[in-house]
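Q: I would love a close look at one part of this model, with the neighbouring pieces brought in as you go. Could you walk me through it in one connected answer?

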Amino acid sequence: MAHAFSNRVATVAAIAALFDSSRVPDERVLSGLRNDAERLDGLLEQLRQLPRRGDADLEPLMPSDSIRAALALFEHHPEYRDVCCTVIAADNVQPVRAEPSALQHALCVALAAACRVGAGRGGASGVGAAGAVVRVALSTEGDVVRIEVSADGSTGEGNANALALDAGAIDWLLARSNGRGHAYPYGCVIELPTLQASRRAR
């Protein structure tokens with residue numbers, strides 16, 4: 001995120017410097033300034049969703065909405081701009097009960113893990129995901145919604161220890177909603193009780 005902010009702020013600063021040397025700003029310059037200001041505003045709004053608050057309420061939500069928000073946040077990171085991500089949702093995907101920011105954060109963890117595997121890094125820590133191909137598959141199996149975030153497998157299996165750490169982070173983020181993270185050779189699987197199952201358990 002620091003890279004994304006730095007790029008946008010540098011652009012705005014460069015355009016502002018042009019104003020110092022010109023009494024009549026070029027319309028293209030003004031357009032660029034407006035576009036970068038809008039991108040910064042959008043990024044700030046998405047970042048506000050991420051911090052995990054201990055007192056945040058669990059609420060009904062559709063997993064597909066959280067996936068869209070996580071992918072939008074991902075697009076701002078320079079290391080993930082070239083990632084090809086496909087979302088496949090089964091017809092039976094049901095809502096869950098979760099904290100929106102926690103689920104988005106967990107999805108970002110899973111996406112980063114799959115990107116590392118897809119870029120041939122074996123799931124080891126560190127960024128560098130150019131050319132990665134990632135698939136996000138949603139389905140409901142019984143009382144559980146499954147979100148499988150995986151590389152396409154063309155670069156081989158991931159590092160089991162690194163992926164286990166990612167799964168552990170997902171466990172922590174989704175503990176309040178009884179969600180779980182599981183590592184498997186090409187990424188992570190997120191499991192959450194359906195909204196109906198959560199209501200029965202209360």
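Which residue in β4 is the bridge partner of C84?

A: Happy to take you through it. Please keep in mind that this is a predicted model. The residue you are after is V133, which is the bridge partner of C84 in β4.

That bridge belongs to a strand pairing. Strand β2 covers residues 84–89 and strand β4 covers residues 133–141, and 6 bridges join them in the parallel sense.

Strand β4 also pairs with β5, a strand made of residues 144–151. Here the two run antiparallel, with 8 bridges between them. To place yourself along this pairing, look for S139, whose bridge partner in β5 is R146. Then follow the chain into the hairpin of β4 and β5, where 2 residues lie between the strands. In this hairpin G142 has a positive phi, near 65°. As you trace the strands, a general point may help: side chains in a regular strand alternate between the two faces of the sheet.

Now for the helices. In general, a packed pair is described by the angle between the two axes and the distance between them. Helix α3 spans residues 63–74 and helix α4 spans residues 100–118; their axes cross at roughly 60° and come within 9 Å. Because of that angle, α3 is oblique to α4. As for handedness, the crossing of α3 and α4 is right-handed. On the α3 side, the contact is made by S66, I67, A69, A70, L71, L73 and F74. From α4 come L103, Q104, L107, C108, L111, A112 and C115. Sorted by character, the residues of this contact comprise 12 nonpolar and 2 polar ones, with no charged residue.

A last stop is helix α5, residues 160–173, where you will find N161. N161 has a relative accessibility of 63%, so this residue counts as exposed. Measuring from C-alpha to C-alpha, N161 is 9.1 Å from A183, with 22 residues separating the two in sequence. Helix α5 also holds G168. Because its relative accessibility is 35%, G168 counts as partly exposed. G168 can be related to A183 as well: their C-alpha atoms are 8.8 Å apart, and the two lie 15 residues apart along the chain.

To come back to your starting point, C84 and V133 are bridge partners, and β4 pairs with β2 in the parallel sense while running antiparallel to β5.

Terms used. Residues are numbered from 1 along each chain as its sequence is written. This is a predicted model: local features need pLDDT of at least 70, side-chain atom pairs count only at pLDDT 80 or more; totals for chains, interfaces and linings use all residues. Side-chain values use heavy atoms; hydrogens and water are left out. Axes are lines fitted to C-alpha atoms, for helices over the stretch in contact, and angles run from 0 to 180 degrees between N-to-C directions. Helices (H or I, at least four residues) and strands (E, at least two) are DSSP runs, numbered from the N terminus. Angles under 35 degrees count as roughly parallel, over 145 as roughly antiparallel, 65 to 115 as roughly perpendicular and the rest as oblique. A crossing is left-handed if the near helix is turned anticlockwise from the far one by less than a right angle, and right-handed if clockwise. Contact means heavy atoms within 4.5 Å. Ala, Val, Leu, Ile, Met, Phe, Trp, Tyr, Cys and Pro count as nonpolar, Asp, Glu, Lys and Arg as charged, and the others, Gly among them, as polar. Two strands pair if DSSP finds at least two bridges between them. Buried means under 20% relative accessible area, exposed over 50%, partly exposed in between (1.4 Å probe, protein chains only).
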